[in-house]
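Have a look at the model below before reading on. The notes that come after it take a few places in turn and put some values beside what you can see.

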Amino acid sequence: MTNQVKRVYRFGKDAAGVNVTEGSAHMKALLGGKGANLAEMANLDLPVPPGFTITCQTCMEYANASNVWPDGALEEIHEYRVDLEKRMGKTIGDDNDPLLVSVRSGAPLSMPGMMDTVLNLGLNDRSIHGLIAQTNNPRFAWDSYRRFIQMFSNVVIGLDGDLFENAIISMKRKRNVESDTQLTAGDLEELVQEFKRIFSQYTPQDQYPQLVEGSSCAFPQDPLVQLKLAIEAVFGSWNNPRAVLYRSKNRIPDDLGTAVNVQCMVFGNKGNTSATGVAFTRNPADGTKEFYGDYLVNAQGEDVVAGIRNTSPISELKTVEGLQEAGSELERVFLILEQHYRDMMDIEFTIEQGKLWMLQTRVGKRTAASALKIAIDMHAEGLITKEEAVMRVEPQQLDQLLHPQFDANAHYDVLARGLNASPGAAVGKCVFSAKAAVEAAERGEKTILVRWETTPDDLAGMIAAEGILTSHGGKTSHAAVIARGMGAPCVCGVEALKIDAQAKEARVSGTSVVLHEGDLISLDGTTGIVVLGAVDLVSPSLTGNLDTILEWADEFRQLGVRANADNPEDARLSRSFGAEGIGLDRTEHMFLGERKQIIQTFILNDNADVRKEATDKLFTAQQEDFYGMFKAMDELPVIVRLLDPPLHEFLENPRDLAVEIARLEAQGVADEQLSEKRLLLSKIDSFVEANPMLGLRGCRLGIVYPILPVMQVRAIATAAARLIKEGLHPKPEIMIPLVCTVRELKKLRATCEQTVQEIADEFGVSLEIPVGTMIELPRAALTADEIAKQADFFSFGTNDLTQTTFGFSRDDVEGEFIPQYLSEKLLAYNPFATIDAAVAKLVAMGTDLGRKGNPKLKVGICGEHGGDPDSIHTFHNIGVDYVSCSPYRVPVARLAAAQAALSSKER
């Protein structure tokens, strides 16, 4: 080799049929998933077209040097190209018998459809005649050339694909045909000339001076220029907007890069004994053990995923005349790959004149329901262990199973039917573009994205929409694959839907219905139906396979999982999801609705008797709240946080009141009639703070207004005493919020203990109610050893701890500049979604110091990070006792906690 760093690896056989592959499945970080798995299939002696892979690291070197090739890289690529030509006995672009290649991306982690591919590279105005002579099939040759020009123009040069599609549509209209396959060789030859004209007209000369001939750019005829530009374009696609967005959503690092696979072409468009398809070794939608997928006869690979033609199910392949043998061999390959990888595999294949070729395999994307069934079935089949089964299910995917479904009791008429591409149900307004979906989401509106078929450029709209509906495409189309990965409901291939995106409407064949943008529709991705109007949705319960996996997860996890809940209904829901208690009951949420007037009376009156009357009313209401909570969670702990937010949050907005006063003044209302409102405004203004989140709130509120914590503790203790009298076993715990000094906690703890004892004496019962604190300030974490001496437990409030560590106001920064920080890589991720390393250090420090101060101290997490799988791994490693999260995140947390334990065991 001409350089020290090896940047290129071959795969496949040489001219003598000897496997000369240099890579393997274990080299994904270097060769990308596609390159590593091509190498592995070649090593398994499966039929893989030969080629070579340029490493992911070369991509990053090229990108980081502002698209300048690293020394020696082009020379090494040249060596491997020459080697490939020797292995095949052909030369790329040869006039008489051209070797044609594909140039395809392949990142270390699967990013389906996010990066680019160029097929049929090596064709030009001379080699096209060699291809015709070799195949004796002019139509195939001209079709291959027009596809190459179209893909090269779009992927490499960046020309709008519609320029070429419009030319095809125009040609079909002139020839009075409906399908591309009805165009003749002469038609396609004419299209090639038109495509080259479009290329010359729209390709910018300043960006591609090497392509300038005369006064415009010409489509490159030199196959080596074609190859270099295509490789550079595929490298560049690592940073295209849709790929960046996909990585951001799926937390894939930006510094991995993509490999480039240069591989000999095989053709599925050589007639009726040729085909191309995408398949899975099991059903990726529901996990059924069956060969699943789509194929097209006489087509190339992009036709299947693009949804340009409606596909046939893979189960029919071996019954098609001329394809029977290849179809049977494909099923044999399915079994080999699944046994070898011990997982459900996604496969791309081409059949060229009856001969099967494998173009790609990877671990298949699947829905949550499918992941659960496959994991359980493979364990039962002896393919994987119970631990592996638990590790096979992505915790975030469980959200799919907790999303709404159509209410079984709802009555509705089916408007149209399609393919059940991704399960779950959604209701929303029709929108016909990704942009409209994004804009609607920003307004807080729920939408269904309706498209002829989605493309990777629609990703932002697919994320923003509640569900996805397409009139074309199969279960392996772009829309289906991406929707399943996101957990979004999707119905594909609704042929009755005649969409006019420009007019923002869709007609439903066989009906008088015309859907306009803004019309409300419902779709069920589980059954593949579309309904006009809104259907009632219901949330599913934990049963069957999900229950099984979570039971297995509970065998391995070390972290406890509790829920954040503020009412008996949420408490019962949490318990049904497997919560082992309530880690955070935010009592301020109990002061809303009709009770808001009571707390307002307390705040706005200085009269002690009026305040006493208000707290008595609140006591009665809160006692019933706690009674319901403790009863729902009988024998399980319920941590009740005393009142935390600043009092002004319970008052009317002073600016709205000021506007009302000004309006009344303008109407000439007498001053005496306005005096009461002006007095109210003055009182409300007196509670306004410059920085209320760091002002009179938390434990400070209880110290300044001691009647409030006494009232709340009385309500907690009274509810518990009543239940004990009834023979139940309530386990309330009292949490003092926002403590920053041990003296604050000591003072309020004494108040709590005295009040609890008074209620115990009153009811004649024994009340053991632990008192702890919320650690949400850096000073509290740094002095945790002192604070722990007055605490029975710590609960880290990581939302406020993140705010105070960063100096961020969450309500402001998440909308104002965190998106920009993420875009500019000033932050690796949103620290309010996944725990920041520095905040985690404070949690670890507070935990260690706290246990030194009080060896019996219980430690938990009650911020939103408690339901984030990545954060749960961090908390497991820190060694806290439990995490607490929203009810619907409890199953996610249970699984993530088990995976954290198993991962640390592997280390």
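What follows is a short walk through a helix, two residues and a sheet.

This is a predicted model, so please read every value below as computed from it.

**Helix 7**

Let us begin with helix 7, which covers residues 185-202. Its 18 residues, at 1.5 Å a residue, should span 26 Å, and the end C-alpha atoms are indeed 26 Å apart, so expectation and model agree. The side that is hidden from solvent is made up of Asp187, Leu188, Leu191, Val192, Phe195, Lys196, Ile198 and Phe199, the buried residues of this helix. What do these buried residues pack against? Their partners are helix 5 (138-157), helix 6 (161-175) and strand 8 (216-217).

One of the buried residues deserves a closer look: Asp187, which sits in helix 7. Its relative accessible area is 7%, and because buried means under 20%, Asp187 falls in that class. Leaving aside residues up to four places away in sequence, Asp187 touches Met171 and Arg175. With Arg175 there is also a polar contact, side chain to side chain, at 2.5 Å.

**Met693**

Now for a residue outside the helices. Met693 lies in the loop that runs between helix 23 (671-686) and helix 24 (699-704). Is Met693 buried or partly exposed? Its relative accessibility is 30%, so Met693 counts as partly exposed, the class between 20% and 50%. Apart from residues up to four places away in sequence, Met693 touches Glu649 and Asp800. Ala368 is 325 residues from Met693 along the chain, and the C-alpha atoms of the two are separated by 39 Å.

The two residues can be set side by side:

| Residue | Place | Relative accessible area | Touches |
|---|---|---|---|
| Asp187 | helix 7 | 7% | Met171 and Arg175 |
| Met693 | loop between helix 23 and helix 24 | 30% | Glu649 and Asp800 |

**The sheet**

Finally, we turn to a sheet. Eight strands form an open sheet with mixed pairing, in the order 16-26-25-18-19-20-21-17. At its edges are strand 16 (414-417) and strand 17 (419-422), each of which pairs on one side only. From one strand to the next, the twist averages 30°.

Within this order, strands 19 and 20 stand next to each other. Strand 19 (residues 447-451) and strand 20 (residues 467-470) run parallel and are joined by four bridges. Which residue of strand 20 is the bridge partner of Ile448? That partner is Gly467.

Technical notes:
Residues numbered from 1 in each chain as written. Predicted model: local features only at pLDDT ≥ 70, side-chain atom pairs only at ≥ 80, totals over all residues. Heavy atoms only, no water. Helix = DSSP H or I, 4+ residues; strand = E, 2+ residues; numbered from the N terminus. Expected span 1.5 Å × (residues − 1). Buried < 20%, exposed > 50% of the residue type's maximum accessible area, 1.4 Å probe, protein only. Contact = heavy atoms within 4.5 Å. Polar contact = N/O pair within 3.5 Å; in protein donor to acceptor, adjacent residues only side chain to side chain. Pairing = 2+ DSSP bridges. Axes fitted to C-alpha atoms, helices over the stretch in contact; angles between N-to-C directions.
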